[in-house]
Amino acid sequence: MSFASLQGKVVIVTGAGSGIGAATARRLAEDGARVVVVDVERALAQEVAASLPEPGNALAVQADVSREEDVERYMRETLDRFGCVDLHHLNAGIVGTLALFPDIGVDEFDAVMRVNLRGPFLGARAAFRQYAVQQGTGSIVITASIGALLGSHDLLPYQTSKHGVLGIVHGGAMYGGPRGIRVNAVAPGLVPTALFAANAAGSGAGGDVVQRGTTVPMRRVGTPDEVANAVAFLLSDESSYINGDVLSVDGGSAIVSTVRPSGGAGQWNTAGVDGRV
């Protein structure tokens, strides 16, 4: 299904050099949007921009979303090229450490907060400022995670940052709503991407993601394209009365009750889960 309302719109996608961001850039371009591909890796951004259906309607920008001056620069380069900004997908993120809670360094924690939480804040703030200049409406979608909805003691900085993202979504939706600006989030579940592949050797990261996907109600992992479809919907006018919401794209993972037999209760060794073996 294509969304005609995306035709001709100018969309900024951060973290668009790979994974969900790249898939979203492709999906939006297929629907006729003019896409600004933002990534910390210049070569990746350029490669994705060049691969889009209409490369002439794409712009690649290298930027670190945690740096205020870089966010201002990707906005400026977008305006210089296209003259306005209609939509934003604030997707850039990092996984961070898999260390257990007592072993996490402050620097490791802060590194994740800078990208995963400060980045969406700076991006949303820049979007609101530009919408005010344009005196127009718009839509912002931030990538959250199943980790924003549920708890675990591994990936703690990542999980904490994604909980914080929901605060930006809710506050942004309250501020933007009266101004005709919608702010929503997607919460991907198990979706294999390069983001987690870097930690493939670790349990709970990339190496066992397909195996863990067999416990999802749909009994499989998701794909970046499936998340991109959800982002495109939330950015489009077809979702015009959805604001401040979090759309789970997780095959049903977030609704599982692990205390019921059908949800897996009694199907594992709790000593292993609790780290006693």
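# Questions on terms and values

Guide: S5 lies in the segment before β1, where strands (E, at least two residues) and helices (H or I, at least four) are DSSP runs numbered from the N terminus. This is a predicted model, in which local features need pLDDT of at least 70, side-chain atom pairs count only at pLDDT 80 or more, and totals for chains, interfaces and linings use all residues. Residues are numbered from 1 along each chain as its sequence is written, and side-chain values use heavy atoms, with hydrogens and water left out.

Visitor: Why does S5 count as buried or exposed?

Guide: Its relative accessibility is 17%. Buried means under 20% relative accessible area, exposed over 50% and partly exposed in between, with a 1.4 Å probe and protein chains only. S5 therefore counts as buried.

Visitor: What is S5 in contact with, leaving aside its neighbours within four places in sequence?

Guide: S5 touches S236, D237 and E238, contact being heavy atoms within 4.5 Å. As for A187, the C-alpha atoms of S5 and A187 are 23 Å apart in space, with a separation of 182 residues in sequence.

Visitor: What makes the seven strands an open sheet, and which are the edge strands?

Guide: The order is β3-β2-β1-β4-β5-β6-β7, with parallel pairing. The two ends, β3 (58-62) and β7 (246-249), each pair on one side only and are the edge strands. From one strand to the next the twist averages 15 degrees.

Visitor: How do you know that β1 and β4 pair?

Guide: Two strands pair if DSSP finds at least two bridges between them. Strand β1 (residues 10-14) and strand β4 (residues 87-90) have three, in the parallel sense, so the definition is met. V13 stands opposite H89 in β4. Further along the sheet, β2 and β3 pair over five bridges, also parallel, and V38 has V61 in β3 as its bridge partner. Six bridges join β5 to the parallel β6, with I142 opposite A185 in β6.

Visitor: Why is β6 called largely enclosed by the rest of the structure?

Guide: Eight of the eight residues of β6 are buried, so the term applies. In a regular strand the side chains alternate between the two faces of the sheet. In β6, I181, V183, A185 and A187 point one way, while R182, N184, V186 and P188 point the other way, and all are buried. The edge strand β3 is mostly covered, with four of its five residues buried.

Visitor: Which strands does helix α4 touch, and at what angle does it run to β5?

Guide: α4 packs on the sheet against β4, β5 (138-143) and β6 (181-188), and its direction makes about 180 degrees with that of β5. Angles run from 0 to 180 degrees between N-to-C directions, with axes fitted to C-alpha atoms, for helices over the stretch in contact. α4 therefore runs opposite in direction to β5. Helix α3 (residues 68-82) lies across β1, β2 (34-39), β3 and β4, at about 155 degrees to β3.

Visitor: What makes a space a cavity, and how many of 30 Å³ or more does the search find?

Guide: On a 1 Å grid over the protein atoms alone, a cavity is a set of points where a 1.4 Å probe fits but cannot get out; a pocket is an open set with protein on both sides within 12 Å along at least five of seven lines, and lining residues have an atom within 4 Å of a point. The search finds one such cavity, with a volume of about 40 Å³, a volume being the space filled by probe spheres set on grid points joined across faces, edges and corners. T14, V65, Y74, L90, N91, A92, V115, G119 and P120 line the cavity. Helix α4 (residues 106-134) gives the largest share, three residues.

Visitor: How many charged residues has the lining of the largest cavity?

Guide: There are no charged residues, against six nonpolar and three polar. Ala, Val, Leu, Ile, Met, Phe, Trp, Tyr, Cys and Pro count as nonpolar, Asp, Glu, Lys and Arg as charged, and the others, Gly among them, as polar. The second largest pocket, of about 150 Å³, has two nonpolar, six polar and four charged lining residues. Its lining includes K9, D86, R182 and D237.

Visitor: What makes the phi of L155 stand out?

Guide: L155 has a positive phi of about 55 degrees although it is not a glycine. L155 sits in the loop between β5 and α5 (156-176) and, at 11% relative accessibility, counts as buried. R219, also not a glycine, has a positive phi of about 60 degrees. R219 is in the loop between α7 (209-213) and α8 (224-235), and its 52% relative accessibility makes it exposed.
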